[in-house]
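Below are some notes for a colleague who has not yet looked at this structure. They are best read with the coordinates open.

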Amino acid sequence: MIDYGLVVSMMAAIGIPSLAALRWSLSTAESEYGIVDLAIGPVLAGVVVGRLTTLAFDDPGSIGSLSDMLVVRSGVEFWPGVAAAAGVVAFSARRDGVSPADRMRALAPFAMLGYASYEAACVFRDGCLGPVAALGLRPPGLEVTMVPVGWLMALVVTAGAVGVRRLASTGIPTSAVLATAIAVTASARSVGSIWLPHVGDGLTRQHLTSVIVAGCSIAWLAVAVVRADDVDDDTRDRGISGWPQT
C-alpha cells in the first residue's frame, strides 16, 4: 500500500529546494550540477541510515527485513541520517575534485528548506500535532484543534535558511556557516518537540538528541566566531582585511 502522505512530503522536501535553486544559484564550483543531482544520493543514504538506527534501538531483530526497513513512518533517526548524508556529500565532493566544506556550505540552505518543507507537509501525513488551542488545525480522527507545531518549526527553519544563505554569500568562515545551519535546525526541533505529544514524562530519544546537537553546534559556532575574530585582528594588524575561510 502506497503511503501517499509520505510521498507528498518527500516530493515537497525535494521540490521546494529545487524551486528555490532557480533564484538561489549554487556557487561557481557547483554550477554544473543541479540540486537534485547533488542531493539525491545523500538523501537516500540519510533515510537508510536513519531507519537502520531506529531499528537498531527499537527492534534489532528486524534489521535485514526489507518489509520492516520500508515502514519509514514507524521511525527514522534524524541526526544519524543527517550525519550519513553529510558523509556522502563529502565523499562525492572529493570524487568531483571539490572541497567538501565548500559543497556543504553551498547545500546547507537548501537542506534546511528541504527539512522545513517536510515539516510543513505534516498536513498531508497524520495531521499537524501540537498543544490544544481554540484556533489551529484539527488532525484526522480528533475532535480538538491543535497549534500546528510543524508549521511553526518550518517557519523558523525557513527563516534560518534565508539567513544561512546570506551568510554563505559573505566571507564568513564555512565552519560558522555550517554551525549556524545546524544550530538553527537543532534548536527548532528541540523547542518544537516540547509541545509534540509523546509517551511518558521524559524526553524522547529524538528530542534529547536534538538538544545535544543544538548545544554542541552553538558551542562550535562560538568557537568559530572567536577564532575568526582572532585571525581577523591579526590580519588587520598587518593591513589585510577579510574573514579567513575555515
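1. Glycine 64 is a simple place to start. With a relative accessible area of 73%, glycine 64 is exposed, since the cut-off for that label is over 50%. Glycine 64 lies in the loop between H2 and helix H3 (66-69). Its C-alpha is 9.1 Å from that of leucine 52, and the two residues are 12 apart in sequence. The model is a predicted one, and the points below should be read with that in mind.

2. The overall make-up comes next. The chain has 8 helices and 1 strand. Read from the N terminus, the order of elements is α-α-α-α-α-β-α-α-α. Of the 246 residues in the chain, 38% are buried. The accessible surface comes to about 13,500 Å², and carbon and sulfur atoms account for 68% of that surface. If one takes the contacts between residues at least 6 apart in sequence, 63% of them join residues at least 24 apart.

3. Which residues touch the most other members of the largest nonpolar core? They are Leu26, Leu107, Phe110, Met112, Val157 and Val164, in a core of 32 residues. At least two residues of this core come from each of helix H2 (35-58), helix H4 (78-95), H5, H6, H7 and helix H8 (205-237). H5 gives the largest share, 8 residues. As general background, nonpolar side chains tend to be buried together in soluble globular proteins.

4. Phenylalanine 110, listed in the previous point, deserves a separate look. Setting aside residues up to four places away in sequence, phenylalanine 110 touches Pro17, Ala20, Ala21, Trp24, Leu26 and Ile35. Of these, Leu26 is also named among the core residues that touch the most other members.

5. Helix H6 covers residues 149-168, which makes 20 residues. From first C-alpha to last, H6 reaches 28 Å, close to the 28 Å expected at 1.5 Å a residue. Its buried residues are Val149, Gly150, Met153, Ala154, Val157, Gly160, Ala161 and Val164. Seen down the axis of H6, these buried residues fall within an arc of 130 degrees, so they line one face of the helix. Leu155, Ala159 and Arg166 are exposed on the other side of H6.

6. What do the buried residues of H6 pack against? Their partners are helix H5 (100-120) and helix H7 (174-192). Two of the buried residues of H6, Val157 and Val164, appear again among the core residues that touch the most other members.

7. H7 can be described in a similar way. This helix has 19 residues and reaches 27 Å from its first C-alpha to its last, close to the 27 Å expected at 1.5 Å a residue. Of those 19 residues, 15 are buried, so H7 is largely enclosed by the rest of the structure. Valine 191 belongs to H7 but is partly exposed, at a relative accessible area of 44%. Valine 191 and serine 210 stand 9.2 Å apart, C-alpha to C-alpha, with their positions 19 residues apart in sequence numbering.

8. Two residues of helix H1 (residues 4-20) can be set side by side. Serine 9 is in helix H1 and counts as buried, at 0% relative accessibility. Apart from neighbours within four places in sequence, serine 9 is in contact with Tyr118, Ala121 and Arg125. Glycine 15 is also placed in helix H1, and at 27% relative accessibility it counts as partly exposed. Glycine 15 and leucine 113 are 98 residues apart in sequence, while their C-alpha atoms are 9.9 Å apart in space.

9. The last point concerns the cysteines. How many disulfides does the count give? The count comes to 1 disulfide, and this joins cysteine 122 to cysteine 128 with an S to S distance of 1.9 Å. The torsion about the S-S bond is about 95 degrees, so the disulfide is right-handed. Cysteine 122 and cysteine 128 are both buried.

Note on methods
Residues are numbered from 1 along each chain as its sequence is written. This is a predicted model: local features need pLDDT of at least 70, side-chain atom pairs count only at pLDDT 80 or more; totals for chains, interfaces and linings use all residues. Side-chain values use heavy atoms; hydrogens and water are left out. Helices (H or I, at least four residues) and strands (E, at least two) are DSSP runs, numbered from the N terminus. The expected span of a helix is 1.5 Å times one less than its number of residues. Buried means under 20% relative accessible area, exposed over 50%, partly exposed in between (1.4 Å probe, protein chains only). The arc is that of the directions from the helix axis to the C-beta atoms. Contact means heavy atoms within 4.5 Å. A disulfide is a pair of cysteine sulfur atoms within 2.5 Å. Accessible areas come from the Shrake-Rupley method with a 1.4 Å probe; for residues, only the protein chains shown count as cover. A nonpolar core is a set of buried Ala, Val, Leu, Ile, Met, Phe, Trp, Tyr and Cys residues joined through side-chain atoms within 4.5 Å.
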